[in-house]
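Visitor: Could you walk me through the ligand site and the empty spaces in this protein? I would like to have the structure in view while we talk.

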Amino acid sequence: MRDVAIVGVSQTKFGELWDKSFRDLIVEAGLKSIQDANMSGEDIDSIYVGNMSAGLFLDQEHIAPLIADHAGLNPVPCARVEAACASGGLALRQGIMAVASGYYDNVIAAGVEKMTDIVDATPAIAAASDQEWEAQQGITFPALYAMMAKRHMYEYGTTSEQLAQMAVNGHENGSKNPLAQFQNKITTDQVLRSGKVADPLRLLDCSPVSDGAASIMLCPAEDAKKYTDTPIYIKASTQASDTIALHSRKSLTTIESTVTAAKKAYDIAKVTPKDIDAVEVHDCFTINGLLAIEDLGFFKKGEGGKALEDGETKIDGKIAVNPSGGLKARGHPLGATGIAQAAEIVWQLRGEAGKRQVDGASIGMTQNIGGTGGTAAIHIFSRDQ
Ligand code: COA
């Protein structure tokens, strides 16, 4: 297997983007990442695009050739990768495996979702849960994560105030990210007074409905310096599965797919949680961010709430969590999220993250979740080969 490097990244602005179509977004992101790598279309061997459901959001399937065509990249092979909200993370993994195996050299791994063109996104998002046992019974994603939050509160005494810190931290960092959907700071009080969505989760505990795209250029590590002075190296790319339905899980307070994939990733990269300088976690709801910082081993099970309360997850804290603003503030266009997380870590490791820069960051990590954890994709990145 060959080592793999990232030589170009890009992200569109995330938000409710009425003036941009699905194809505008993915083409903008893809072309900017090619430019960022000082490449041209002729250099590209293959494209993988994460997308959860252009079918439900836009009535558009067969998006892979549509994307290659509108980017002016025909006849480059393009494939769509789907794993609900982890579609981007898996597209990145497919691209890495294609380069590592020697099958292709220069590969684009991208992600895109246009969610705001339908009246109600909730049923489309619910398609990522178990239809028979969950969605058809009326259980939406906020409700599924609310049950996990209730259980964490019951088992560990976690409070709404502690959960709110995940959102406060996200908005604080998002206020320094010009590509974030929300660039306003919020207070604990604002979170606790926002409208209830699914008890105990309130509006400001939730990631928003978003449009956006992000893209990454991969190549063999040995070629990376041809394209950039600041390549970032992939140290581990792992994935694990768990039951799609929540009721079949052994525990509601641990996402086993995260634990399994993270353990493998730490082993492959030969690092421990202590070595990670910045992490982008999948905080689609505040409780999922809290579960992530425990399941990734940054804090013991049950102690995530206290760590959030003590400010240990701030940019200058013990571990910088979601310097981009996370799903909560940067936004969560489902298929684009895993790629946007990786793009943020690349900017951090290059030292290009502006006002949200984590001082001296050299090793970073991403955790991208599909559904309530049926899929987990973990990546570890390093400035040094
Ligand atoms: N955080 C902060 N503000 C938000 C927000 C969020 N998550 N969602 C909406 N808003 C704001 C809007 O910008 C709008 O502000 P404005 O009045 O100043 O323009 C206002 O709240 C109302 O927006 P609206 O779109 O009508 O909200 P909504 O009640 O229809 O939707 C949620 C709110 C929480 C239900 C929706 O954002 C949601 O479903 N989020 C979860 C998405 C999800 O499940 N993703 C997959 C995870 S697995």
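Guide: What follows goes through the ligand first, then the pockets, and then the cavities. Please keep in mind that this is a predicted model.

Visitor: Fine, so which residues are closest to the ligand?

Guide: The ligand is surrounded by 15 residues, and the closest are Leu 204, Cys 206, Ser 207, Pro 208 and Lys 328. Sorted by class, that shell has 12 nonpolar residues, 2 polar ones and 1 charged one.

Visitor: And what lies 2.8 Å from a nitrogen atom of the ligand?

Guide: That is a polar side-chain atom of Lys 328. The backbone takes part as well, since a polar backbone atom of Ser 207 is 2.9 Å from a nitrogen atom of the ligand, and a backbone N or O atom of Pro 208 lies 3.4 Å from a nitrogen atom of the ligand.

Visitor: How much of the ligand's accessible area does the protein cover?

Guide: On its own the ligand has 920 Å² of accessible area, and the protein covers 58% of that.

Visitor: Which pocket is the space taken by the ligand?

Guide: The ligand takes the space of the largest pocket, whose volume is about 570 Å³. This pocket is lined by 31 residues, and those closest to its centre are Thr 122, Ile 125, Ser 207, Pro 208 and Val 209. Ser 207 and Pro 208 are therefore named twice, once among the residues closest to the ligand and once among those closest to the pocket centre.

Visitor: Which elements give two or more residues to that lining?

Guide: They are helix H5 (122-126) and helix H6 (141-156), and the largest share, 3 residues, comes from H5. By class, the lining of the largest pocket divides into 21 nonpolar, 7 polar and 3 charged residues.

Visitor: Switching topic, what about the second largest pocket?

Guide: The second largest pocket has a volume of about 330 Å³ and a lining of 15 residues, of which Arg 2, Ile 96, Ala 100, Ile 234 and Lys 235 lie nearest its centre. Helix H4 (87-100) and strand E8 (232-241) each supply at least two residues of this lining, and E8 gives the largest share with 5 residues.

Visitor: How many charged residues are in the lining of that one?

Guide: The lining of the second largest pocket has 4 charged residues, together with 9 nonpolar and 2 polar ones.

Visitor: Now the cavities: how many of 30 Å³ or more does the structure hold?

Guide: The structure holds 2 cavities of 30 Å³ or more. The largest cavity has a volume of about 90 Å³, and its lining includes Ile 26, Val 27, Gly 30, Leu 31 and Ile 34, with Ile 47, Val 49 and Ile 108 also among the lining residues. Helix H1 (22-36), strand E2 (46-50) and strand E4 (107-114) each give two or more residues to it, with the largest share, 5 residues, coming from H1.

Visitor: What classes of residue make up that lining?

Guide: The lining of the largest cavity has 11 nonpolar residues, 1 polar residue and no charged residues.

Visitor: And the second largest cavity?

Guide: About 30 Å³ of space lies in the second largest cavity, and among the residues that line it are Ala 128, Ser 129, Glu 134, Phe 141 and Thr 372. By class, this lining has 4 nonpolar, 4 polar and 1 charged residues.

Technical notes. Residues numbered from 1 in each chain as written. Predicted model: local features only at pLDDT ≥ 70, side-chain atom pairs only at ≥ 80, totals over all residues. Heavy atoms only, no water. Near = heavy atom within 4 Å. Polar contact = N/O pair within 3.5 Å; in protein donor to acceptor, adjacent residues only side chain to side chain. Areas by Shrake-Rupley, 256 points an atom, 1.4 Å probe, with all protein chains shown as cover. 1 Å grid on protein atoms, 1.4 Å probe; cavity = no way out; pocket = protein on both sides within 12 Å on 5 of 7 lines; lining within 4 Å. Sits in = over half its atoms within 2 Å of the grid points. Nonpolar A, V, L, I, M, F, W, Y, C, P; charged D, E, K, R; others polar. Points joined across faces, edges and corners; volume = space filled by probe spheres on them. Helix = DSSP H or I, 4+ residues; strand = E, 2+ residues; numbered from the N terminus.
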